[in-house]
Amino acid sequence: MSTPQNRNYIRTNRRGWPQKMRMKLVARDALVDRMQRKGWSNRRLAKYAEVSPGTIDNLIVGRTKAVNTGRTAELICEALDVPLDVFFVPEISCDASQTVTQRVSA
């Protein structure tokens, strides 16, 4: 699927990701391998995923372990024709784990 040329086009969030849902990259080597096999550059993938090229660069070299939105992870996987759970898993934030702990102890 190619990105539309119209800048007013807005992709819908099909899965309804929460605004602050971070997705942790768990298969960096597989991501790099898949990009090479499909012929996608860092810049091309960044454009498709609607993020800066630095975001993709940082994921690939390991400076960043997660992306800030589930939608970004979804677009990366969509571009490479891979199911979301192959490369990413939801990252549990400190706030979320504290809430779960408070519920259990109550």
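## Exercises on a predicted model

Among contacts in this chain between residues at least 6 apart in sequence, 72% join residues at least 24 apart. Keep in mind that the model is a predicted one.

**Exercise 1.** Work out in what order the helices and strands of the chain run from the N terminus.

*Solution.* Start with the inventory: the chain has six helices and three strands. Then walk along from the N terminus, and you get β-α-α-α-β-α-α-β-α.

**Exercise 2.** Place Ala27 in the chain, decide whether Ala27 is buried or exposed, and find what Ala27 is in contact with beyond its neighbours within four places in sequence.

*Solution.* Step one, location: Ala27 sits in the loop between strand 1 (23-25) and helix 1 (28-38). Step two, accessibility: the relative accessible area is 17%, and the cut-off for buried is under 20%, so Ala27 is buried. Step three, contacts: setting aside neighbours within four places, you find Val86 and Phe87. As for Asp85, the residue is 58 places from Ala27 along the chain, and the two C-alpha atoms are 9.7 Å apart.

**Exercise 3.** Do the same for Thr72: which helix holds it, is it buried or exposed, and what does it touch?

*Solution.* Thr72 belongs to helix 4 (residues 70-79). With a relative accessible area of 10%, Thr72 is buried. Skip residues up to four places away in sequence, and Thr72 touches Ala49, Val51 and Val67. Now look at the side chain: a polar contact of 2.7 Å links Thr72 to the side chain of Thr69.

**Exercise 4.** The structure holds five salt bridges. Take the ones made by Lys38, Glu74 and Asp29, and say how each pair is placed.

*Solution.* Begin with Lys38, whose side chain meets that of Asp81 at 2.6 Å, N to O. Lys38 is in helix 1 and Asp81 in the loop between helix 4 and helix 5 (84-87), so this pair ties together parts 43 residues apart in sequence. Lys38 itself is partly exposed, at 32% relative accessible area.

Next, Glu74 and Arg71 form a salt bridge of 2.3 Å, N to O. They are three residues apart in helix 4, which means about one helical turn separates them. Both of these residues are buried.

Last, Asp29 pairs with Arg28, with the closest N and O atoms 3.2 Å apart. Asp29 is exposed at 56% relative accessible area, while Arg28, at 35%, counts as partly exposed.

**Exercise 5.** Find what share of the chain's residues counts as buried, and what share of its accessible surface belongs to carbon and sulfur atoms.

*Solution.* Of the 106 residues, 29% count as buried. The accessible surface comes to about 7200 Å², and carbon and sulfur atoms account for 50% of that.

Key. Residues numbered from 1 in each chain as written. Predicted model: local features only at pLDDT ≥ 70, side-chain atom pairs only at ≥ 80, totals over all residues. Heavy atoms only, no water. Helix = DSSP H or I, 4+ residues; strand = E, 2+ residues; numbered from the N terminus. Buried < 20%, exposed > 50% of the residue type's maximum accessible area, 1.4 Å probe, protein only. Polar contact = N/O pair within 3.5 Å; in protein donor to acceptor, adjacent residues only side chain to side chain. Contact = heavy atoms within 4.5 Å. Areas by Shrake-Rupley, 256 points an atom, 1.4 Å probe, with all protein chains shown as cover. Salt bridge = Lys/Arg side-chain N within 4 Å of Asp/Glu carboxyl O.
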